[in-house]
Amino acid sequence: MNGPVAVDQTVSNGGRDRDGSPRMLSRWTFQYTPARQFVERRLEGRVLNACAGKTKLNHDGEIVRNDLNPERDADHYLDVVELPEHFEPRSFDTIVFDPPFDQKQAEEKYDGLHASDVYGALEGFEKLVRPGGAVICFGWNSWGMRSFGAFEREDTYLFQRGPIHRDVIATIDRRTSSSLATDGDSNRSVDTVSDRDGGER
Ligand SMILES: C[S@@+](CC[C@H](N)C(=O)[O-])C[C@H]1O[C@@H](n2cnc3c(N)ncnc32)[C@H](O)[C@@H]1O
């Protein structure tokens with residue numbers, strides 16, 4: 001995954017659904033039809049929705065919903081970085097990660113709850129996803145699971161929100177089947193300290 005990252009699809013904001021509801025990406029990301037469809041089409045097997053929020057995703061298999069906010073309708077109320085302590089390693093086929101994107105969002109839109117240790121969360125997903133499984137991330141950047149060598153980028157999407165708003169970026173990284181033969185940290189390809197801190201500028 002060296003070199004430029006190809007953006008596979010750009011989805012424009014705007015217009016209305018058949019029921020008249022506006023097609024706008026809001027704080028509940030998957031209430032926006034294109035974002036929900038984008039995720040639902042990629043759900044496979046046992047799913048972990050790590051910062052589940054309000055929206056219930058449709059899927060034939062099991063979805064484990066986690067959210068730190070006890071007011072959300074969830075199965076677990078854990079900080080996302082604690083998830084590996086509560087589930088078997090490699091026990092999910094798909095992990096969805098749609099956290100607050102920054103501190104300001106957390107304060108203004110999510111009752112002050114934040115998943116500020118993004119690297120810690122991703123490290124946990126590396127433990128929890130099966131070889132052949134996928135991690136779907138939403139955020140302001142396209143890094144996804146690039147810190148971990150056993151993942152290959154499958155798709156990068158931009159969800160546009162108009163001329164003065166930042167695009168929301170969605171990525172899908174699949175854990176290679178070959179990582180069956182190896183294990184966890186032996187696949188690390190990027191320096192841990194600079195991953196966590198964003199490196200020098
Ligand atoms: C962007 S919203 C998720 C929206 C969801 N995808 C939807 O469409 O309804 C982020 C969610 O992450 C939760 N959250 C914030 N910090 C968290 C943490 N450290 N661990 C787990 N969940 C967290 C918030 O309570 C909020 O519900």
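From the N terminus on, the elements of this protein follow the order β-α-β-β-β-α-α-β-β-β-α. That order comprises four helices and seven strands. The model is a predicted one. Its mean pLDDT is 87, and 84% of the residues reach 70 or more. Over residues 181–193, however, the pLDDT is below 50, and this stretch has 13 contacts in the model beyond near neighbours in sequence. Where pLDDT is low, the predicted coordinates should not be read in detail.

Of the 201 residues in the protein, 31% are buried. Among contacts with a separation of 6 or more, 59% join residues 24 or more positions apart.

**The nonpolar core**

The largest nonpolar core has 40 residues. Those with the most contacts inside it are Ala50, Ile95, Phe97, Phe125, Val135, Ile136 and Ala170. At least two residues of this core come from each of α1 (33–40), β2, β4, α3, β5, β6 (151–159) and β7 (168–175). The greatest contribution is that of β5, with six residues. In soluble globular proteins, nonpolar side chains tend to be buried together.

Ile95 illustrates how the core is connected. Leaving aside residues up to four places away in sequence, Ile95 touches Leu48, Ala50, Phe125, Leu128, Val129 and Val135.

**Helix α3**

Helix α3 spans residues 118–128 and is mostly covered, with eight of its 11 residues buried. The buried residues are Val118, Ala121, Leu122, Glu123, Gly124, Phe125, Glu126 and Leu128. Their cover includes β2 (47–49), β4 (92–97) and β5 (129–139). Two of these buried residues, Phe125 and Leu128, are also touched by Ile95.

Gly120 belongs to this helix as well. Gly120 counts as partly exposed because it has 15 C-beta neighbours inside 10 Å, whereas a buried residue needs 20 or more. Gly120 and Val80 are 40 residues apart in sequence, yet their C-alpha atoms are 8.5 Å apart in space.

**Strand β7 and its partners**

Strand β7 is largely enclosed by the rest of the structure, because eight of its eight residues are buried. Val168, Ala170, Ile172 and Arg174 point one way from the strand, and Ile169, Thr171, Asp173 and Arg175 point the other way. Both sets are buried, with charged side chains such as Arg174 and Asp173 included.

The pairings of β7 with two other strands are set out below.

| Strands | Direction | Bridges | Residue opposite Ala170 |
|---|---|---|---|
| β5 and β7 | antiparallel | six bridges | Phe138 |
| β6 and β7 | antiparallel | eight bridges | Tyr157 |

Ala170 of β7 thus has Phe138 opposite it and also Tyr157 opposite it. Ala170 is also one of the residues with the most contacts inside the largest nonpolar core.

**Surroundings of the ligand**

The model also includes a ligand, which is surrounded by 21 residues. The closest are Phe30, Cys51, Gly53, Thr55 and Asn69. By type, the shell around the ligand divides into 10 nonpolar, six polar and five charged residues.

Key. Residues numbered from 1 in each chain as written. Predicted model: local features only at pLDDT ≥ 70, side-chain atom pairs only at ≥ 80, totals over all residues. pLDDT = per-residue confidence, 0-100. Contact = placed C-beta atoms within 7 Å. Buried ≥ 20, exposed ≤ 12 C-beta atoms within 10 Å, placed from the backbone. Near = placed C-beta within 6 Å. Core = buried A, V, L, I, M, F, W, Y, C linked by C-beta atoms within 7 Å. Pairing = 2+ DSSP bridges.
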